[in-house]
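Welcome! Let's get to know this structure together through a few questions and answers.

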Amino acid sequence: ILASLFFYGYWNISYIVLIIFSILFNYSLARLLFSKFESKLALIFGLIVNVSLLAYFKYSNFLVDNLSQILNLTISIEPIILPLAISFFTFQQIAFLVDSWKNKVKDYNFLNYALFIVFFPQLIAGPIIHHSNIIPQFKQLSNLLVDYKNILLGLLIFSIGLFKKVIIADTLLVVVNNGFDHSIS
């Protein structure tokens, strides 16, 4: 969890507060829904909070710019930088809330839930995953043991990717940029 939060905050440390708030809010609400508090109102409140956060970060600039043009006014706001993976972690948590409300969630502890949300290999590239597919894997004791074969395999795959990027892609960059610079429009 700490490594994932470090990874997430490395680009913009201020958004760590956002993802931590989102995790705490959604886990608390899911616990409330899981404890047989079957209120559609609580679920709707959770959906509104999640979608509002997503809409604010993704569409505020767009909305203000377009309203300014339509109304012929000079309205401006400070540009809002989109937080890394906000759609992924928001939709995963919405699915978790709905499943909690439908009593399809097992009693997960906070650390497993937090890891499910911030798991950095999946966080920025997806796919959006269902809690029932990944949280049980965190609980398996065999996954807590160091598997040197997997480590070596991972290092090999990483090295191949690094080679492709540094040797092949960076070498071809000069040719490709030259081609784009001199293309016919």
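Q: Which residue with a positive phi follows α4?
A: A quick word first: this is a predicted model. Helix α4 covers residues 86-101. The residue in question comes after α4 and has a phi near 60 degrees; it is Asn103.

Q: How far apart are the end C-alpha atoms of helix α4, and what span should its 16 residues have?
A: The expected span of a helix is 1.5 Å times one less than its number of residues. For the 16 residues of α4, that rule gives an expected 22 Å. The model agrees with this, because the end C-alpha atoms of α4 are separated by 22 Å.

Q: Which helices do the buried residues of α4 pack against?
A: The buried residues of α4 include Phe89, Gln92, Gln93, Phe96, Leu97 and Asp99. Their packing partners are α1 (2-11), α2 (15-34), α3 (40-70), α5 (110-118), α6 (120-123) and α7.

Q: Which residues of α5 are buried?
A: Helix α5 is largely enclosed by the rest of the structure, because seven of its nine residues are buried. The cover over these buried residues includes α1, α2, α4, α6 and α7. The buried residues themselves are Asn112, Tyr113, Ala114, Leu115, Phe116, Ile117 and Val118.

Q: Which backbone nitrogen does a side-chain oxygen of Asn109 reach at the start of α5?
A: Let's look at where helix α5 begins. A side-chain oxygen of Asn109 comes to within 3.1 Å of a backbone nitrogen there, and that nitrogen belongs to Leu111.

Q: Is His131 buried or exposed?
A: His131 is part of helix α7, which runs over residues 131-139. Buried means under 20% relative accessible area. His131 has a relative accessibility of 2%, so it counts as buried.

Q: With which side chain does the side chain of His131 make a polar contact?
A: Leaving out residues up to four places away in sequence, His131 touches Phe96, Asp99, Lys104, Val105, Tyr108, Phe116 and Pro136. One of these, Asp99, is among the buried residues of α4. At 3.1 Å, the polar contact of the His131 side chain is with the side chain of Asp99.

Q: Is Ile129 buried or exposed?
A: Ile129 sits in the loop between α6 and α7. Setting aside neighbours within four places in sequence, its contacts are Gln92, Phe116, Gln122 and Ile134. Because its relative accessibility is 19% and the cut-off is under 20%, Ile129 counts as buried.

Q: What distance separates the C-alpha atoms of Ile129 and Phe89?
A: Phe89 belongs to the buried residues of α4. Along the chain, Ile129 and Phe89 are 40 residues apart. In space, their C-alpha atoms are separated by 9.6 Å.

Q: With which side chain does the side chain of Asn26 make a polar contact?
A: Asn26 belongs to helix α2, and its relative accessible area is 0%, so it is buried. Its side chain reaches the backbone oxygen of Ser22 at 2.8 Å. Not counting residues up to four places away in sequence, Asn26 touches Asn50, Gln93, Leu97 and Tyr113. The side-chain partner in its polar contact, at 2.7 Å, is Asn50.

Q: Which residues does Gly46 touch, not counting residues up to four places away in sequence?
A: Gly46 is in helix α3, and with a relative accessible area of 0% it is buried. Its C-alpha atom and that of Phe91 are 12 Å apart, with their places 45 residues apart along the chain. The residues that Gly46 touches are Phe25, Leu29 and Leu97.

Q: Which side chains meet in a salt bridge?
A: The count for this model comes to one salt bridge. One partner is partly exposed, because its relative accessible area is 45%; the other, at 32%, also counts as partly exposed. The N to O distance is 2.7 Å, and the two side chains are those of Lys165 and Asp170.

Q: What is the area of the nonpolar surface patch that Val176 helps to make?
A: Val176 lies in helix α8 (residues 148-181) and is partly exposed, because its relative accessible area is 40%. It makes the patch along with Phe158, Leu162, Phe163, Val166, Ile167, Ile168, Leu172 and Phe180. The area of this patch is about 880 Å².

Conventions:
Residues numbered from 1 in each chain as written. Predicted model: local features only at pLDDT ≥ 70, side-chain atom pairs only at ≥ 80, totals over all residues. Heavy atoms only, no water. Helix = DSSP H or I, 4+ residues; strand = E, 2+ residues; numbered from the N terminus. Buried < 20%, exposed > 50% of the residue type's maximum accessible area, 1.4 Å probe, protein only. Polar contact = N/O pair within 3.5 Å; in protein donor to acceptor, adjacent residues only side chain to side chain. Contact = heavy atoms within 4.5 Å. Patch = residues over 30% accessible without salt bridge, like charges linked within 9 Å, V, L, I, M, F, W, Y side chains within 5 Å. Areas by Shrake-Rupley, 256 points an atom, 1.4 Å probe, with all protein chains shown as cover. Salt bridge = Lys/Arg side-chain N within 4 Å of Asp/Glu carboxyl O.
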